[in-house]
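Please look through the sequence and the model below before reading on; the paragraphs that follow lead from one side chain out to the sheet and the core.

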Amino acid sequence: AGLQLEHTRAALALEANPPGEVAVAFTDIQSSTQLWEAAPEGMKAGLAAHNAAIRRIIMEVRAYEVKTIGDAFMVSFTEADGAYDFALRVQEALVETAWSQEVLDSHELCVATAGGGGASGRLWAGPRVRIGAHWG
C-alpha cells in the first residue's frame, strides 16, 4: 500500500505545476492548541484519523498536497471546483470520524447539533476544521 501511495503521489506531482491559474485550499483545526492540552492522547489518534481522511480525499479528487504543518494542509487543484469538492468531502468525512470521547468532551467546539440534538441532527462531532480556498 505504501509503494502504491508513493507512486500515486509521484504521478500527481507531475500535475502539481499546471500552466495558468490554480486553486489552493488551506485547512486548519480550530483551537488545536487547547485540544492538545485538554486531550493529548485523544488528539494523537484524532490527528492520525484527520490526516488519513484528508489524504484519502486528496487522492480521490486528484489534488496535490503541497505541504503539511502540524494539523494544517495546503492543497492545490487544477480547477476551482476541485477545491470546493475537496472541502465538502473533508467536512463530510470528519463528521463521520470516530473521535475519542476524550476529544469530544474536551472543548465546546467539538460537538454541535441542530433541531433538538441527537445523532440525526448532528452538525459535526470532533474538532472543527476550517477550510479556505483561493483561485488565481
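In this predicted model, a polar atom of the T97 side chain lies 3.0 Å from the backbone oxygen of A93. T97 itself belongs to the loop between α4 and α5, and because its relative accessible area is 17%, under the 20% limit, it counts as buried. Although 29 residues separate T97 from G126 in sequence, their C-alpha atoms are 7.7 Å apart in space.

From this loop one can turn to the sheet, which is open and has four strands in the order β2-β3-β1-β6, with antiparallel pairing. Its edge strands, each pairing on one side only, are β2 (64–69) and β6 (129–135), and from one strand to the next the twist averages 15°. Between β1 and β3, which run antiparallel, there are five bridges, and A25 has V75 as its bridge partner in β3. The helix α4 packs on the sheet, where it touches β1, β3 and β6, and its direction makes about 175° with that of β6; α3, in turn, lies across β1, β2, β3 and β6 and runs at about 0° to β3.

Which residues have the most contacts inside the largest nonpolar core? They are I58, V75, F77 and F86, in a core of 27 residues. At least two residues of this core come from each of β1 (23–29), α3 (40–60), β3 (72–77), α4 (80–95) and α5 (101–106), with α3 supplying the largest share, six residues. Leaving aside neighbours within four places in sequence, F77 is in contact with V22, A23, V24, A25, V61, A63, G82, A83 and F86.

How values were computed:
Residues are numbered from 1 along each chain as its sequence is written. This is a predicted model: local features need pLDDT of at least 70, side-chain atom pairs count only at pLDDT 80 or more; totals for chains, interfaces and linings use all residues. Side-chain values use heavy atoms; hydrogens and water are left out. A nonpolar core is a set of buried Ala, Val, Leu, Ile, Met, Phe, Trp, Tyr and Cys residues joined through side-chain atoms within 4.5 Å. Buried means under 20% relative accessible area, exposed over 50%, partly exposed in between (1.4 Å probe, protein chains only). Contact means heavy atoms within 4.5 Å. A polar contact is a pair of N or O atoms within 3.5 Å; within protein, one must be able to donate a hydrogen and the other to accept it, and residues adjacent in sequence count only if both atoms are side-chain atoms. Two strands pair if DSSP finds at least two bridges between them. Axes are lines fitted to C-alpha atoms, for helices over the stretch in contact, and angles run from 0 to 180 degrees between N-to-C directions.
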